[in-house]
Amino acid sequence: MKNITTLLSHLKIDYIYEYILKNIPDSYLVGADLKHRLSHNLYVCFKGIQGESLMILLDMKDIQVSTGSACTSGDLTSSTTLQSIGMDKKDINSCIRITFSGNENKKELDYVCEKIKKNVSGHRAVFLYPSV
């Protein structure tokens with residue numbers, strides 16, 4: 001049963017990430033590739049946005065994400081871990097972490113995708129991020 005749950009979580013992460021890559025320019029996966037990461041965790045950078053702002057906007061739509069690990073909750077300083085892996089300093093605060101329970105259905109995944117796209121685009125428009 002555990003292997004089926006892991007496989008389903010990977011498929012959900014793949015679904016969300018493929019949507020992000022196809023529909024939200026200037027976004028990328030942070031950390032290990034999808035095959036070599038936790039099956040329930042997706043950490044994505046959206047250039048030109050503030051992760052904290054996106055987190056709040058998504059929370060208003062009942063989507064809970066975070067901007068870092070639980071051990072740094074409430075700490076707004078740049079992540080030393082992200083710095084040490086060579087991440088561009090301009091991007092470090094432009095990330096969100098999405099964690100999956102494994103019980104999400106396609107309708108819920110589509111809702112998350114739609115709201116991420118809408119809020120990233122809106123955030124970039126407000127802060128005059130250059131169009132791609």
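**Briefing: a three-stranded sheet and its surroundings**

The three strands form an open sheet in the order 1-2-3, and their pairing is antiparallel. Strand 1 (27-29) and strand 3 (95-99) are the edge strands, each pairing on one side only. On average, neighbouring strands of this sheet are turned by 25 degrees against each other, direction ignored. The model is predicted.

**Overall layout**

- The protein chain contains four helices and three strands.
- Along the sequence, these elements follow the pattern α-β-β-α-α-β-α.
- Of the 132 residues in the protein chain, 36% count as buried.
- Contacts that span much of the sequence are well represented: among those between residues at least 6 apart, 73% join residues at least 24 apart.

**Strand pairing**

- Strand 1 is joined to strand 2 (residues 41-46) by three bridges, and the two run antiparallel.
- Two of the bridge partners can be named: serine 27 is matched with phenylalanine 46 in strand 2, and leucine 29 is matched with valine 44 in strand 2.
- Strand 2 also pairs with strand 3 in the antiparallel sense, over five bridges.
- Across strand 2 and strand 3, cysteine 45 stands opposite cysteine 95, the latter in strand 3.

**Strand 2 and its burial**

- Six of the six residues of strand 2 are buried, so this strand is largely enclosed by the rest of the structure.
- In a regular strand, side chains alternate between the two faces of the sheet.
- In strand 2, Asn41, Tyr43 and Cys45 point one way, while Leu42, Val44 and Phe46 point the other way.
- Both sets of residues are buried.

**Asparagine 41**

- Asparagine 41 is a residue of strand 2.
- Its relative accessibility is 13%, so asparagine 41 counts as buried, the cut-off being under 20%.
- Apart from neighbours within four places in sequence, asparagine 41 is in contact with Ile13, Arg97, Ile98 and Thr99.
- Asparagine 41 and phenylalanine 100 are 59 residues apart along the chain, and their C-alpha atoms are separated by 6.4 Å.

**Helix 2**

- The buried residues of helix 2 (residues 51-59) are taken up here: Gly51, Leu54 and Leu58 are buried.
- Viewed down the axis of helix 2, its buried residues fall within an arc of 60 degrees, so they line one face of the helix.
- An α-helix has 3.6 residues a turn, so residues three or four places apart point the same way.
- Strand 2, strand 3 and helix 4 (106-126) are the elements against which the buried residues of helix 2 pack.

**The second largest pocket**

- The second largest pocket holds about 230 Å³ of space.
- This pocket is lined by 13 residues, of which Asp62, Ile63, Glu104, Glu108 and Val112 are the closest to its centre.
- Helix 4 gives the largest share of the lining of the second largest pocket, with four residues.
- Strand 3 and helix 4 each supply at least two residues of that lining.

**Elements that recur**

- Strand 3 appears in several of these topics: it is an edge strand, it pairs with strand 2, and it supplies residues to the lining of the second largest pocket.
- Helix 4 likewise packs against the buried residues of helix 2 and contributes to the lining of the second largest pocket.

Definitions and conventions:
Residues numbered from 1 in each chain as written. Predicted model: local features only at pLDDT ≥ 70, side-chain atom pairs only at ≥ 80, totals over all residues. Heavy atoms only, no water. Pairing = 2+ DSSP bridges. Axes fitted to C-alpha atoms, helices over the stretch in contact; angles between N-to-C directions. Buried < 20%, exposed > 50% of the residue type's maximum accessible area, 1.4 Å probe, protein only. Arc of directions from axis to C-beta. Contact = heavy atoms within 4.5 Å. 1 Å grid on protein atoms, 1.4 Å probe; cavity = no way out; pocket = protein on both sides within 12 Å on 5 of 7 lines; lining within 4 Å. Points joined across faces, edges and corners; volume = space filled by probe spheres on them.
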